[in-house]
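Trainee: Could you take me through one part of this model closely, step by step? I would like to follow how its pieces fit together and then look at what lies around it.

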Amino acid sequence: MHFVVCIKQVPEGTEVEIDEEKGVLKREGVESKLNVYDAYALEAAVALKEQYGGTVTVISMGPPQAMAVIREAYTLGADDGYLLSDRAFAGADTLATSYTLAEAIRRLPPVDLILCGMQTTDGDTAQVGPGIAELLNLPHASYVTKIHELGGDSIIVDTDMGDGIETLRIKLPCLLTCTKEVNEPRLPSYRLKRATRDKEITVWDSKALSGANVAYFGLSGSPTQVERIFPPPRGRDKEMWQGSVEELGRRFHDKLKELKFV
Amino acid sequence: MHYSKLVDTDIAYLEGIVGSEHIYVGDAILEDYAHDELGEARAFPEVVVEPDSAEAISAIMRYAFERNIPVTVRGSGTGLCGGCVPIHGGILLSTARLNRILEIDTDNLMATVEPGVILLDFQETVEKMGFLYAPDPGEKSATIGGNVATNAGGMRAVKYGVTRDHVTGLEVVLPNGDIVELGGKVAKNSSGYSLLHLMVGSEGTLGIITKIIVKLLPLPRKVLTLLVPFPSLEQAIETVPKIIRSRVIPQAVEFMERDVILSAEKYLGKTFPHKTAPAYLLLRFDGSSLSELEEIYELVGDICLESGAEDVLIADTPERQDGLWDARGAFLEALKAESEMDEVDVVVPRDKIAVFIRYTKELEKEYGVRIRSFGHAGDGNMHVYILRDEMDREVWKAKMEEIMDRLYDKGSELGGQVSGEHGIGIAKRPYLIRELGDTLIALQRQIKEVFDPKHILNPGKVI
């Protein structure tokens, strides 16, 4: 079995400070760490490897310092690590990020299962996992809360649908995004840290992804442009709605219309 | 000692001091006031008062002194040795309303608090301002006053010392009602006998603390925890002196065994990140950056692996650390939820812990009673719990008495002391008296006599 886990380095802490003028997250002076949800995805992969055999590959897109999270993944049981790092990849929105990761995954040895965190704690979009799956034309499930078993050609999981739990059998290869319910991640091992100190991290730039459409990378491949970035206003008027997904959807639509947002 | 029983005029007088809202008599006295968290001692006071100033306490003491009424002070009642139990009845003086943080002096790096301030509230308040109040007793709902009265220790004692090391001044009401100030907002003090330090740890037998000045430290920027699984408890504990010898100073070094971890998991309903090893060390380091801490933990990690540790697990983020310390913090409650028990809180030289723990294992086998230990491997202070489980109560008590005698003898033989941090109260009084011997106990009793000639403050405790 070949498990691939997509991971991201994010700023430490629960409150990300925002530079409203430049429209970016303030990353200077803030220590970085592995995105919390990715730790659950990685744990799921390592636990499956321990149970069923195979290898775990982690892949991350980011600047060279993002190697730190790949090193960390090695201390958590990952076998191989790839960093996608190139100026051409910079400024990517979720679509360009999904595209770049998908193109890299295509170039790995055949993959049986791709695992992602359900979202990152800096961007919070939850779009990259499903985005990769769509680009690779793979079946996928988001918000996985439990992995029941990995059978010959499929995996059985529970996913959180918001108003209920759905149990799915999904054909391999497929992609899952993991919630915090899925497991209890192990702690990084110093023994593994010592053993993997000199272990290679493969760095791929845009040339390594030759054959991919460079126009889909980075800023040029990002239809989403950040116009303004600001912390969500606090203490504003709020309404609490309860009801079925359909009712809430309708109310949401009506409200947006009423506010002339659509 | 003969004491006066309280009569209606006494109650009326006390009510005049504290107000009718803050005095409880008879059935209005909650059962909680008759005991502490663990000690067997159980006794109701005749009246509970909640004064809110040193002046009110002074007035109460002047009256009690004149009338010969015993007075027992109580904070949160989280003690483990019966120290706050009013075994001679009389007045129970609660510090619940003396709960103000009076000043956080950032120029002198000191804070002034009233005794009823809850430890957790105080720690959180100063941490938000970038300071550390270093004493870190496990029971966070205890009051600072109670911590001072018992000279409470805690996990961070390895690096920062105990409560006594952080108190620079006290305001105290003496048994005759006089209000005195001991020490002050000074970093040094060589001015005569240190009554300040005599008062710290005196468990409410010499005076009533009404104001406390403590030191603050800059809050360390980074904290990192290592969880180290070992194939045996002995190997775990024998590694501690090697770590100390390597000249790094951990904030905390705790040891624990698997079945206590499993108890805590069950009690908290949370999963511990590793539990296949028989024993663990839990180490915490603080510093100014992760890279500084990395250097330290690699050194310690190598020592642990060379000493037979299965691995060294690195908890480097708050999420990874919280689960570990939450479990550690729940050990006492988790064991209490399983069985009736009593404890020994001895402290021995750090390099003797392994010998002591081995001895508890021998006694466990010999007596067929479950004995569980955990505690501060870094400072030699262990908490040893003797559990009743399904055993007949009388049989258990008889066995426990013998076990305790032998444990205290062993502690003494190894150069230890009766209590590391919980204090003496009533539960450990016989062992302290035995340990101190005639000369020292006579000296201590003379000191008591000087402060409290009528023996009205927390009578029957400590000595």
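**Strands, helices and a contact**

Mentor: Happy to! Within β4 of chain B, Ile91(B) is the bridge partner of Val47(B). Helices (H or I, at least four residues) and strands (E, at least two) are runs assigned by DSSP and numbered from the N terminus. Two strands pair if DSSP finds at least two bridges between them. Please keep in mind that this is a predicted model: local features need pLDDT of at least 70, side-chain atom pairs count only at pLDDT 80 or more, and totals for chains, interfaces and linings use all residues. Residues are numbered from 1 along each chain as its sequence is written, while chains are lettered from A and ligands numbered from 1 in the order in which they are written.

Strand β2 (residues 47-49) and strand β4 (residues 91-94) of chain B run parallel and are joined by 3 bridges. They belong to an open sheet of 4 strands, in the order β1-β2-β4-β3 (chain B), with mixed pairing. At its edges stand β1 (23-25) and β3 (71-74) of chain B; each has a single partner strand, so one side of each has no neighbour in the sheet. From one strand to the next, the twist averages 20°. Helix α2 (residues 54-67) of chain B lies across β2, β3 and β4 of chain B, at about 165° to β4(B). Such angles run from 0 to 180 degrees between N-to-C directions, with axes fitted to C-alpha atoms, for helices over the stretch in contact. Two residues are in contact if their C-beta atoms, placed from the backbone, lie within 7 Å.

Now for another sheet in chain B. Here 7 strands form an open sheet in the order β15-β12-β14-β13-β17-β18-β16 (chain B), and the pairing is antiparallel. Its edge strands are β15 and β16 (341-344) of chain B, each with a single partner strand, so one side of each is left free of a neighbour in the sheet. Antiparallel β16(B) and β18 (residues 381-387) of chain B are joined by 4 bridges, and Glu343(B) has Tyr385(B) in β18(B) as its bridge partner.

Helices lie across these strands too. α8 (residues 258-268) of chain B crosses β13 (252-257), β14 (279-287) and β17 (370-376) of chain B, running at about 90° to β13(B). α10(B) lies across β12 (222-230), β13, β14 and β15 of chain B, at about 65° to β12(B). α8(B) also packs against α11 (residues 331-338) of chain B at about 85°, with their axes 8 Å apart. That makes the two helices roughly perpendicular, a term for angles of 65 to 115 degrees. Among the residues that make this contact are Val260(B) and Tyr267(B) of α8(B), and Phe331(B) and Leu335(B) of α11(B). By class, the contact of α8(B) with α11(B) has 7 nonpolar, 1 polar and 2 charged residues. Nonpolar here covers Ala, Val, Leu, Ile, Met, Phe, Trp, Tyr, Cys and Pro, charged covers Asp, Glu, Lys and Arg, and the others, Gly among them, count as polar.

Finally, the neighbouring chain. The contact between the chains takes 15 residues from chain B and 10 residues from chain A. On the side of chain B that touches chain A, the elements giving two or more residues are α9 (290-306), β15 (313-315) and α10 (318-329) of chain B. The residues on that side divide into 8 nonpolar, 4 polar and 3 charged. In chain A, you can also find a cis peptide bond from Leu172(A) to Pro173(A), with omega near -10°. Pro173(A) sits in the loop between β11 (165-171) and β12 (174-178) of chain A.

Terms used. Parallel < 35°, antiparallel > 145°, perpendicular 65-115°, else oblique.
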